[in-house]
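User: Could you walk me through some enclosed spaces and aromatic contacts in this one? I'd like the reasoning along with each answer.

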Amino acid sequence: MSRTALRICPLCEATCGLTLTVEGVRVTGARGDRDDVFSKGFICPKGASFGAVDGDPDRLRTPLVRRDGELREATWEEAFDAVAAGLRGVVDGYGANSVGIVLGNPNVHTVAGALYPPVLLAGLGTRSVFTASTVDQMPKHVSSGLLYGDANAIPVPDLDHTDHLLLLGANPLESNGSLCTAPDFPGKLKALKARGGTLTVVDPRRTRTAKLADRHIAIRPGTDALLLAAMAHVLFEEDLVDTGELAPHLLGLDELRAAVRDFTPEAVAAACDVEAEATRALARELAAAPTAAVYGRIGSCTVPHGTLASWLVDVLNILTGNLDRPGGALFPQAATDRTPRPAGPSHGFSLGRWHSRVSRHPEAKGELPLSALAEEIDTATAEGEPIRALVVAAANPVLSAPDGDRLDKALGALDFMVSVDPYLNETSRHAHVVLPPPPPSQSPHHDFAFNTLAVRNQVRFSRPAVPLEPGRMAETEIFARLILAATGMHGADPSAVDDLVIGQTLGKAVKDAHSPVHGRDAQELAGLLAGDSGPERRLDMMLRLGPYGDGFGVRPDGLSLTELLAHPHGIDLGPLRSRLPQPLKTRSGKVELLPQPIADDLPRLREALLREPDGLVLIGRRHLRSNNSWMHNVPALTGGTNRCTLHIHPEDADGLGLVDGQPVGIKGAGGAVTAPVEITDTVRRGVVSLPHGWGHDRPGTRMRHAAQDPGVNVNQLLDGTLLDPLSGNAVLNGVPVELIARP
């Protein structure tokens with residue numbers, strides 16, 4: 001007998017509501033939830049394949065523990081005994097920094113991945129922290145931290161109301177958006193055009209998004225910051241700067257004018273391969289639009305000047321008066337955000353509070369570059385012990401980080417490694433213990449991270465659609481037990497972790513004069529929390545203390561878990577609103593337009609004015625049916641255009657004597673791979689494109705479908721030495737490569 005259940009899709013950042021068809025304990029179908037307050041029935045191929053993802057037979061069902069060199073099935077008790085012995089042995093023998101933590105992208109798609117890693121990091125006290133952010137978005141966090149004092153204060157374009165949208169390095173018709181949570185992003189772009197608005201796309205490829213645009217600028221990869229700086233120059237030069245209501249909140253406008261003086265459209269034209277008049281037109285159109293928003297994503301982040309490009313995106317929004325106003329770029333307000341504090345000077349944002357041991361890379365947002373992970377394991381220095389143990393949660397850096405071959409070898413030399421992962425993949429195959437979480441249908445869902453980036457304020461929560469299968473352990477309990485094992489409390493009740501967080505949070509809240517529960521009894525408040533589990537009680541606490549919360553009775557009509565459960569399709573909290581100056585946490589209490597680290601990095605950008613590559617450069621590529629390496633094991637999400645081929649322009653192919661489908665060697669600083677050629681004029685001359693997440697050909701994995709058509713690992717072409725110095729983000733786009741024809 002079949003039934004239906006609601007679930008928020010965890011397969012990309014759009015967070016669409018799904019209606020699942022469930023037969024027994026198996027998900028047999030998925031369609032868009034038409035009553036979902038946010039997605040209103042939209043669904044993409046990934047969401048439609050939820051059942052296939054959920055029921056993948058290669059998902060691990062029991063823990064694996066390495067015995068006599070082989071990973072073998074074990075009980076949960078045996079697995080956590082091994083974790084406690086392995087991690088505590090390293091901590092006690094070599095110190096906390098000898099344990100590294102690696103967090104992958106899927107962590108921000110789960111309740112457990114959002115709630116528990118911060119507790120693990122605090123409990124261990126290690127500075128050896130690496131995440132997917134430094135191969136993706138760290139430049140945006142750093143630029144926001146420097147501008148606004150808060151690395152998580154990221155303004156998003158008001159897609160539903162803007163008159164003019166400028167996209168750089170973004171392809172939301174394939175990605176569904178990133179650092180901008182928007183179900184049906186394609187539909188929102190079409191609606192923009194239908195109401196007479198303008199869409200401009202800057203991208204080296206004529207992507208599906210670029211084909212929809214009114215104007216497509218096929219820029220040379222890696223030069224986004226130069227183009228944006230030239231646009232800022234034009235705004236100043238032609239007296240087009242109009243900061244409007246932002247003016248009282250800005251610091252450093254005159255200094256900014258001087259900083260971009262050298263970046264004229266004529267000066268950047270050769271490096272960007274964009275005519276000066278086209279750059280001037282972009283700036284004028286942006287200034288003339290009634291409302292406008294500039295939005296840059298991974299293509300503008302994973303380049304040598306990623307932080308400068310991210311900073312300049314916001315600078316253009318500021319100079320045209322479009323930051324923090326409807327139709328421009330606004331700061332979302334999530335239901336689980338802390339209660340807003342009064343505006344005023346705060347602690348600010350700092351970079352480089354510590355450095356990596358080998359190459360001395362500065363930390364950013366508490367993280368070290370993922371590109372440095374291998375050398376932190378395999379290289380001895382006088383600066384302290386190398387990493388001897390790893391906790392890897394939902395990450396596959398052998399494929400996602402540069403120079404996977406080196407990292408592959410380094411992982412094999414660790415004293416101990418534990419992976420929280422549903423698959424035995426290219427990275428987890430090295431683990432001494434693998435702890436597999438259940439499939440998503442058996443887990444609750446709330447988007448803690450993505451609601452802070454959503455284009456409309458709303459809140460939704462879905463309990464597990466399917467009961468936890470016998471023999472499995474909830475992902476939240478896996479993380480709680482992992483925390484206890486890693487911090488010397490192995491064997492304690494896992495509920496102690498949630499109780500500790502609740503006690504600490506409420507203890508601080510009752511002492512905070514700005515909190516709705518100031519002066520009350522923390523234990524009494526803890527007793528009022530609703531929920532069937534520790535994670536649900538923590539969610540209830542965050543909702544009730546948040547900006548829309550009931551304040552534990554202070555605002556009777558406010559949010560709580562009980563209220564949210566009464567609205568299974570979610571609660572709409574309204575459109576984005578102007579919030580400045582409240583979100584600012586800078587030391588000045590203002591938007592600091594030219595922070596010193598930015599000013600110090602601008603000479604490096606000036607040097608880029610003189611560079612024009614004389615060979616081919618490589619960029620990545622995103623497919624609608626794919627989201628990082630693990631989706632390649634789902635047959636429904638492979639095939640069609642989702643193939644690991646090298647895109648090359650017809651004229652470049654002709655010059656090299658290449659024909660469609662021919663295997664070609666691709667050589668970079670980190671190594672070489674061979675992939676079939678796909679000749680297409682959608683990529684500009686001088687540029688080749690290879691998608692990421694492929695390379696499923698290593699022994700010892702258990703991803704059978706992915707191994708049938710493994711593709712090649714694009715990140716093996718990189719040696720990990722190219723980084724954006726401010727953020728530590730890997731340079732993945734615009735890197736030189738050489739092609740070698742194969743017979």
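**Cavities and rings**

Analyst: Happy to! This is a predicted model. Strand E8 (156-157), strand E13 (293-296) and helix H15 (306-319) each give at least two residues to the lining of the second largest cavity.

User: Which residues lie closest to the centre of the second largest cavity, and what is its volume?

Analyst: The lining of this cavity is made up of 15 residues. Closest to the centre are Lys140, Ile154, Pro155, Tyr295 and Gly296. As for the volume, the value is about 100 Å³.

User: How many nonpolar, polar and charged residues are in that lining?

Analyst: Gly counts as polar and Lys as charged in this scheme. Sorted by class, the lining of the second largest cavity has three charged, two polar and ten nonpolar residues.

User: Are the rings of Trp76 and Phe80 stacked, edge-to-face or tilted?

Analyst: Good one to work through! Ring centres must lie within 6.5 Å to pair, and planes under 30 degrees apart count as stacked. Here the centres are 6.2 Å apart and the planes of Trp76 and Phe80 are at 25 degrees, so the pair is stacked.

User: Where do Trp76 and Phe80 lie, and are they buried or exposed?

Analyst: Both sit in helix H3 (residues 76-94), four residues apart, about one turn of the helix. The cut-off for buried is under 20% relative accessible area. Trp76 has 10% and Phe80 has 4%, so Trp76 is buried and Phe80 is buried.

User: Which residue lies over the face of Tyr94?

Analyst: A charge counts as over a ring within 6 Å of the ring centre, given a suitable angle to the ring normal. At 3.9 Å from the ring centre of Tyr94, the residue is Arg388.

Notes:
Residues numbered from 1 in each chain as written. Predicted model: local features only at pLDDT ≥ 70, side-chain atom pairs only at ≥ 80, totals over all residues. Heavy atoms only, no water. 1 Å grid on protein atoms, 1.4 Å probe; cavity = no way out; pocket = protein on both sides within 12 Å on 5 of 7 lines; lining within 4 Å. Points joined across faces, edges and corners; volume = space filled by probe spheres on them. Phe/Tyr/Trp six-rings, centres within 6.5 Å; stacked < 30°, edge-to-face > 60°. Buried < 20%, exposed > 50% of the residue type's maximum accessible area, 1.4 Å probe, protein only. Lys NZ or Arg CZ within 6 Å of the ring centre and 35° of its normal.
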